[in-house]
Amino acid sequence: ALEATFVAEKAAELRASYELRLGEERFYVDVDGGSMAIARGSPRRPDVVIETDPSTLRALVFGELELAQAPVETRGDARLARTFFRLFARPRNVTTSV
């Protein structure tokens with residue numbers, strides 16, 4: 001879901017590496033000038049480590065939860081940590097009429 005909702009324009013000036021720790025799973029997220037690559041494993045020297053569970057990550061990325069209230073631990077550059085959660089498109093509320 002991260003790759004599908006990534007908004008390149010929001011990362012045009014960003015260069016950072018992130019390690020996502022989701023339970024026992026580790027992912028390396030590299031953001032470089034409007035592109036993003038995700039792979040399993042840990043980067044050698046991440047700028048930020050984000051540790052949480054998959055449902056919390058989803059809620060943060062899609063704007064359903066504020067970082068200050070989330071059960072998430074971040075280490076490293078605090079500004080880059082906050083920026084990470086703003087790099088993705090947030091779904092619009094869709095209403096249907098019958």
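The lining of the largest pocket in this predicted model is divided into 11 nonpolar residues, 1 polar residue and 1 charged residue. The pocket has a volume of about 190 Å³. Of its 13 lining residues, those closest to the centre are A1, L2, L22, P54 and L57. Two or more residues each are contributed to this lining by α1, β1, β2 (25-32) and α2. The largest share, 4 residues, is supplied by α2.

Helix α2 spans residues 54-61, and its buried positions are T56, L57, A59, L60 and V61. These buried residues are packed against two helices, α1 (2-5) and α3 (78-84), and against two strands, β1 (15-22) and β4 (48-52). L57 is thus both a buried residue of α2 and one of the residues closest to the centre of the largest pocket. Likewise, α1 and β1 are packing partners of the buried face residues of α2 and also contributors of two or more residues to the pocket lining. After α2 comes G63, for which phi is positive, near 75°.

The second largest pocket has a volume of about 150 Å³. Its lining is made up of L60, L65, E66, L67, A68, R82, F85, R86 and R90. By class, 5 of these residues are nonpolar and 4 are charged, while none is polar. L60, a buried residue of α2, is therefore found in this lining as well. The strands are arranged in an open sheet of 5 members, in the order β3-β2-β1-β4-β5, with mixed pairing. Its edges are formed by β3 (35-40) and β5 (73-76), each of which pairs on one side only. Neighbouring strands are turned against each other by 20° on average, direction ignored. Strands of a sheet pair through backbone hydrogen bonds, in either a parallel or an antiparallel manner. Between β4 and β5 the arrangement is antiparallel, and 4 bridges join the two strands. V49 is placed opposite R75 of β5. Strand β4, which lies between β1 and β5 in the sheet order, is also among the elements against which the buried residues of α2 pack.

Terms used. Residues numbered from 1 in each chain as written. Predicted model: local features only at pLDDT ≥ 70, side-chain atom pairs only at ≥ 80, totals over all residues. Heavy atoms only, no water. Buried < 20%, exposed > 50% of the residue type's maximum accessible area, 1.4 Å probe, protein only. Contact = heavy atoms within 4.5 Å. 1 Å grid on protein atoms, 1.4 Å probe; cavity = no way out; pocket = protein on both sides within 12 Å on 5 of 7 lines; lining within 4 Å. Points joined across faces, edges and corners; volume = space filled by probe spheres on them. Nonpolar A, V, L, I, M, F, W, Y, C, P; charged D, E, K, R; others polar. Pairing = 2+ DSSP bridges. Axes fitted to C-alpha atoms, helices over the stretch in contact; angles between N-to-C directions.
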